[in-house]
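Subject: Structure for your review

Dear colleague,

Please find below the structure that I am handing over to you. I would be grateful if you could read the notes with the structure open beside them.

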Amino acid sequence: MPIYEFQCKECSRDFKTLRRAEKLNEVTCPTCGTDHIMRLLSVTAQVSAEQPSFQGGGCGTARDAASCCMRAPGG
Ligand SMILES: [Zn+2]
């Protein structure tokens, strides 16, 4: 179930709620109870795209270099 974010037009409080899409018109402000609310843009898709470009096994780090790149040939 997606999380929707709203802001109350009466008391200006913003709040998030779990709600089915067809139930969005039943959402009321948890503070003052009014249904004079407006829906804010969803922020549910906050997945970080940042990942380490090096993930082990390579010669990219100095630590690995000692046992990988700098290894003497033949043993
Ligand atoms: Zn309110």
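The notes that follow cover the sheet, then the core, and finally one residue in a loop.

Please bear in mind that this is a predicted model.

The sheet

The model contains an open sheet of three strands in the order S2-S1-S3, and the pairing is antiparallel. As general background, strands of a sheet pair through backbone hydrogen bonds, in either a parallel or an antiparallel manner. S2 and strand S3 (37-40) stand at the edges; each has a single partner strand, so one side of each is left without a neighbour in the sheet. On average, and ignoring direction, neighbouring strands of this sheet are turned by 35° against each other.

Let us take the two pairings in turn. S1 and S2 run antiparallel and are joined by five bridges. Tyr 4 has Thr 17 in S2 as its bridge partner, while the bridge partner of Gln 7 in S2 is Asp 14. The two strands form a hairpin, with five residues between them. On the other side, S1 pairs with S3 over four bridges, again in the antiparallel sense. Here Glu 5 stands opposite Leu 40 in S3.

The core

Which residues of S1 make up its covered face, and which its uncovered one? The covered face consists of Tyr 4, Phe 6 and Cys 8, whereas Ile 3, Glu 5 and Gln 7 form the uncovered face.

The residues of the covered face appear again in the largest nonpolar core, which has five residues: Tyr 4, Phe 6, Cys 8, Cys 29 and Ile 37. Strand S1 (residues 3-8) gives the most to this core, namely three residues. In soluble globular proteins, nonpolar side chains tend to be buried together.

Ile 37 deserves a look of its own. Leaving aside neighbours within four places in sequence, Ile 37 is in contact with Phe 6, Gln 7, Cys 8, Lys 9, Val 27 and Cys 29. Among these contacts, Phe 6, Cys 8 and Cys 29 are members of the core, as is Ile 37.

A residue in the loop

Ser 12 lies in the loop between S1 and strand S2 (14-18). Although Ser 12 is not a glycine, its phi is positive, at about 65°. Is Ser 12 buried or exposed? Ser 12 counts as exposed because it has 9 C-beta neighbours inside 10 Å, and the cut-off for an exposed residue is 12 or fewer.

Yours sincerely,
A colleague

Definitions and conventions
Residues are numbered from 1 along each chain as its sequence is written. This is a predicted model: local features need pLDDT of at least 70, side-chain atom pairs count only at pLDDT 80 or more; totals for chains, interfaces and linings use all residues. A nonpolar core is a set of buried Ala, Val, Leu, Ile, Met, Phe, Trp, Tyr and Cys residues joined through C-beta atoms within 7 Å. A residue is buried if 20 or more other C-beta atoms lie within 10 Å of its own, exposed if 12 or fewer, and partly exposed in between; C-beta atoms are placed from the backbone. Two residues are in contact if their C-beta atoms, placed from the backbone, lie within 7 Å. Two strands pair if DSSP finds at least two bridges between them. Axes are lines fitted to C-alpha atoms, for helices over the stretch in contact, and angles run from 0 to 180 degrees between N-to-C directions.
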